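Biologist: Before we discuss this protein, may I ask that each term be justified by its value and its cut-off?

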Amino acid sequence: MKISETSTDYEKLAQKIYEEILALQGVENIDVRHNVKIKGKSGVEHQIDVFWEYKYAGIAHRVLIECKHYSHAVSLLHVRNLHGLTTDIPNSTGIIVTTIGFQSGAKEYADFYEMGLKLIRKPRGEDWDGFIQIVNIQMKFLKNHYLDFKVSYDGKDQATRDIVEQDPSVLSTNSAEIVVRDEDHEPCAFNLWLDRHVLSGSDGFGVECETTLLPDKSYVVTPDNRELKLGKVVVTYMSTQFEQDLEIDAMNLVEAVLQDFSSGEVEHMHHKNA
């Protein structure tokens with residue numbers, strides 16, 4: 001499978017990769033542009049596939065990146081041509097990126113003139129040699145189903161007694177309407193509050209259970225933002241569980257790999273949707 005449909009797509013992929021590299025290195029004045037025309041010392045204007053300019057340690061750097069979206073190895077001629085560009089454009093170095101590789105003599109010529117030969121290609125299994133590529137996760141999901149409940153308020157709390165005496169109707173409500181606030185927590189729906197306090201599976205799964213909660217500082221919040229201090233909650237519930245296996249293959253997360261042709265070192269992995 002080709003890494004890009006067109007040469008332009010391949011050039012833009014190279015641009016994205018070098019933008020990511022610059023961001024990771026934290027250099028100044030990042031400028032990575034696609035399809036740039038630059039006039040050399042000779043007065044001749046040159047088209048550059050990807051122009052990478054940045055400042056590091058106070059020194060400006062220019063990198064001319066030529067992209068060869070070929071189904072065959074790049075010839076020495078292209079490396080010589082890039083060398084000519086770096087000679088004509090001051091303070092620049094050159095990089096050729098391609099998909100397959102380079103013909104005989106290209107590596108020696110590039111090494112001598114300190115030009116970079118890179119591959120931007122699809123990921124391969126060996127890219128993870130010495131690293132973890134596939135992670136298998138066994139997940140267990142626990143859930144409580146609340147069947148019935150009974151709420152009692154703290155009769156010793158004066159503020160709660162005052163509210164109930166003034167408006168006894170606050171005592172009649174259903175679970176869908178109850179909002180509860182624990183001290184140091186935001187108010188939440190009653191079922192979420194129960195999830196916080198009722199341990200799933202403590203008495204088994206698939207069986208009806210009953211537990212009594214004696215919250216220390218929990219309050220039912222009325223629609224008009226009055227608070228009634230909870231005294232006791234008796235809840236009937238049933239816990240269920242199910243398991244699911246998940247496999248994560250790092251190769252499926254990577255769209256392209258930047259590899260140095262001379263050393264074989266993988267220099268960067270470009271993630272999908274990055």
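**Values and the terms they support**

Modeller: The accessible surface of the chain comes to about 16,100 Å², of which 49% belongs to carbon and sulfur atoms. Please keep in mind that this is a predicted model.

Biologist: What makes the chain more spread out than a compact globule?

Modeller: The radius of gyration is 33 Å, whereas the globule rule gives 19 Å for 274 residues. The value is well over that of the rule, so the chain is described as more spread out than a compact globule. The C-alpha trace spans about 95 × 40 × 30 Å along the principal axes.

Biologist: Which kinds of secondary structure does the chain contain, and how many of each?

Modeller: The chain has 5 helices and 13 strands.

Biologist: Why is C67 called buried?

Modeller: The term buried requires a relative accessible area under 20%. C67 has 8% relative accessibility, and therefore it counts as buried.

Biologist: Why does C188 receive the term buried?

Modeller: Its relative accessible area is 12%, so C188 is buried by the rule of under 20%. Over the whole chain, 39% of the 274 residues count as buried.

Biologist: How many disulfides does a search of the whole structure find?

Modeller: The search finds 0 disulfides. A disulfide would require a pair of cysteine sulfur atoms within 2.5 Å.

Biologist: Why is D184 called exposed?

Modeller: Exposed means a relative accessible area over 50%. D184 has a value of 73%, so the term exposed applies. This residue is placed in the loop between β7 (179-182) and β8 (188-189). Its phi is near 70 degrees, which is a positive value in a residue other than glycine.

Biologist: What makes N225 exposed?

Modeller: The relative accessible area of N225 is 63%, and the cut-off is over 50%, so N225 is exposed. N225 belongs to the loop between β10 (218-221) and β11 (227-249). N225 is not a glycine, although its phi is positive, at about 70 degrees.

Biologist: Why does G130 count as exposed?

Modeller: G130 reaches 84% relative accessibility, and exposed means over 50%, so G130 is given that term. G130 sits in the loop between β5 (116-121) and β6 (134-153). From G130 to V36 the C-alpha distance is 39 Å, with their positions 94 residues apart in sequence.

Biologist: Why is E177 called exposed rather than partly exposed?

Modeller: Its relative accessibility is 51%, and a value over 50% counts as exposed, so E177 receives that term. E177 is found in the loop between α4 (158-166) and β7. The C-alpha atoms of E177 and Y153 are separated by 16 Å, and these residues are 24 apart along the chain.

Biologist: Which residues are in contact with E45, leaving aside its neighbours within four places in sequence?

Modeller: They are K37, I38 and K39. A contact requires heavy atoms within 4.5 Å. E45 is located in strand β2 (residues 45-56). E45 and D88 are 43 residues apart in sequence, while their C-alpha atoms are 9.9 Å apart in space.

Biologist: How many positive and negative side chains does the chain have?

Modeller: There are 28 positive and 44 negative side chains, and the centres of the two sets lie 5 Å apart.

Terms used: Residues are numbered from 1 along each chain as its sequence is written. This is a predicted model: local features need pLDDT of at least 70, side-chain atom pairs count only at pLDDT 80 or more; totals for chains, interfaces and linings use all residues. Side-chain values use heavy atoms; hydrogens and water are left out. Helices (H or I, at least four residues) and strands (E, at least two) are DSSP runs, numbered from the N terminus. The radius of gyration is taken over C-alpha atoms; the globule rule is 2.2 Å times the number of residues to the power 0.38. Buried means under 20% relative accessible area, exposed over 50%, partly exposed in between (1.4 Å probe, protein chains only). Accessible areas come from the Shrake-Rupley method with a 1.4 Å probe; for residues, only the protein chains shown count as cover. Lys and Arg count as positive and Asp and Glu as negative; His and the chain ends are not counted. The place of a charge is taken as NZ of Lys, CZ of Arg, CG of Asp or CD of Glu.
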